[in-house]
Amino acid sequence: GARTSVRDLGKIAQWIVTRHPDMYPVFSEPEIDFGGVRQLNRNPLMGQCPGTDGLLVGSIAGEGHMIVASAVRDGKRLIAVLNGLADDKVRVRATSAMLDWGFTGYIDRDLFAKGDTVASAQVFGGTQGTVRLVAQQQVTLPVPKDGNSRIIARVVYRGPITAPVTKGDRIGVLRIWRDNLLQREVPLIADENIEEGSLVQRAFDAGYELIAGALHPYAVRLFPWLF
């Protein structure tokens, strides 16, 4: 009864590429020897679609042919997942067209550089009232070359954040929408240490949070940007 989706398969492919770069090259091998048996690479895009180096092909009864394809061109990697295709020829044509469209029809727009302060989160009971939030990598978003996309980014975290806070603690997430569709979620971490405050500071913050929490007991902090 297990179920999956093309989005799930795309996330798994991304995880394999990023978490196991030492093992990923096996997907581009033309053949391997497994237990003395010669196993050929069945990916029909290998050698036909430039830059393709993986990943998976198959078929599902009643659902048609499917593919999880990954390719690199000019240092940029794209992952395409298609399902419900009529046959192997359609699979090759459709996947090649999708990858070509992704590489030629989109450009990467820089939103935040690595280490940029994306937002500040409120801290209670600490030596200071806020902590800077940063991304661990450059934040970019592919946008159509010939379109006027509306990009909105929001920082979301659940408060109150109580001191102490250690630099590197994961505090929240940056969510990015393009034309009302969620495109990316980027973890945000604390960029500084916040020590526990004095008894007076903690008592004051506790009283404030007691009042604020009574009004909004499950408040999620939002910081919107419009690019």
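This passage walks through a hairpin, two pockets, the nonpolar cores and two individual residues of a predicted model.

Residues are numbered from 1 along each chain as its sequence is written, and side-chain values rest on heavy atoms, with hydrogens and water left out. Because the model is predicted, local features need pLDDT of at least 70 and side-chain atom pairs count only at pLDDT 80 or more, while totals for chains, interfaces and linings use all residues.

A good place to start is the hairpin. Helices (H or I, at least four residues) and strands (E, at least two) are DSSP runs, numbered from the N terminus, and two strands pair if DSSP finds at least two bridges between them. Strands β1 (residues 31-34) and β2 (residues 37-40) run antiparallel and are joined by four bridges. Ile 32 has Gln 39 in β2 as its bridge partner. Two residues sit between the strands of this hairpin, where Gly 35 takes a positive phi near 60 degrees.

The pockets come next. Rolling a probe the size of a water molecule over the atoms shows where empty space is left. On a 1 Å grid over the protein atoms alone, a pocket is an open set of points where a 1.4 Å probe fits, with protein on both sides within 12 Å along at least five of seven lines; lining residues have an atom within 4 Å of a point. Grid points are joined across faces, edges and corners, and a volume is the space filled by probe spheres set on the points.

The largest pocket has a volume of about 2,000 Å³. Its lining consists of 35 residues, and Gln 14, Ile 79, Pro 142, Gln 183 and Arg 184 lie nearest its centre. Helix α1 supplies the largest share of this lining, nine residues. By class, the lining of the largest pocket holds 17 nonpolar, nine polar and nine charged residues; here Ala, Val, Leu, Ile, Met, Phe, Trp, Tyr, Cys and Pro count as nonpolar, Asp, Glu, Lys and Arg as charged, and the others, Gly among them, as polar.

The second largest pocket encloses about 330 Å³. It is lined by 14 residues, with Phe 27, Leu 40, Asn 41, Arg 42 and Leu 55 closest to its centre. The hairpin strands β1 and β2 return here, since together with β3 (52-60) they are the elements that give two or more residues to this lining. Strand β3 has the largest share, four residues.

What about the interior? A nonpolar core is a set of buried (under 20% relative accessible area, 1.4 Å probe, protein chains only) Ala, Val, Leu, Ile, Met, Phe, Trp, Tyr and Cys residues joined through side-chain atoms within 4.5 Å. The largest core has 26 residues, of which Val 131, Val 139, Val 165, Ile 171, Leu 174 and Ile 176 touch the most other members. A second, separate core of twelve residues includes Val 57, Ala 69, Leu 99 and Phe 103.

Two residues make a friendly contrast. Ala 121 lies in strand β7 (residues 117-124) and is buried, with a relative accessible area of 0%. Leaving out residues up to four places away in sequence, its contacts (heavy atoms within 4.5 Å) include Val 131 and Ile 171. Ala 121 and Ile 171 are 50 residues apart in sequence, yet their C-alpha atoms are 8.1 Å apart. Asp 88, in helix α2, is partly exposed (between 20% and 50%), with a relative accessible area of 32%. Beyond residues up to four places away in sequence, Asp 88 touches Pro 44 and His 65.
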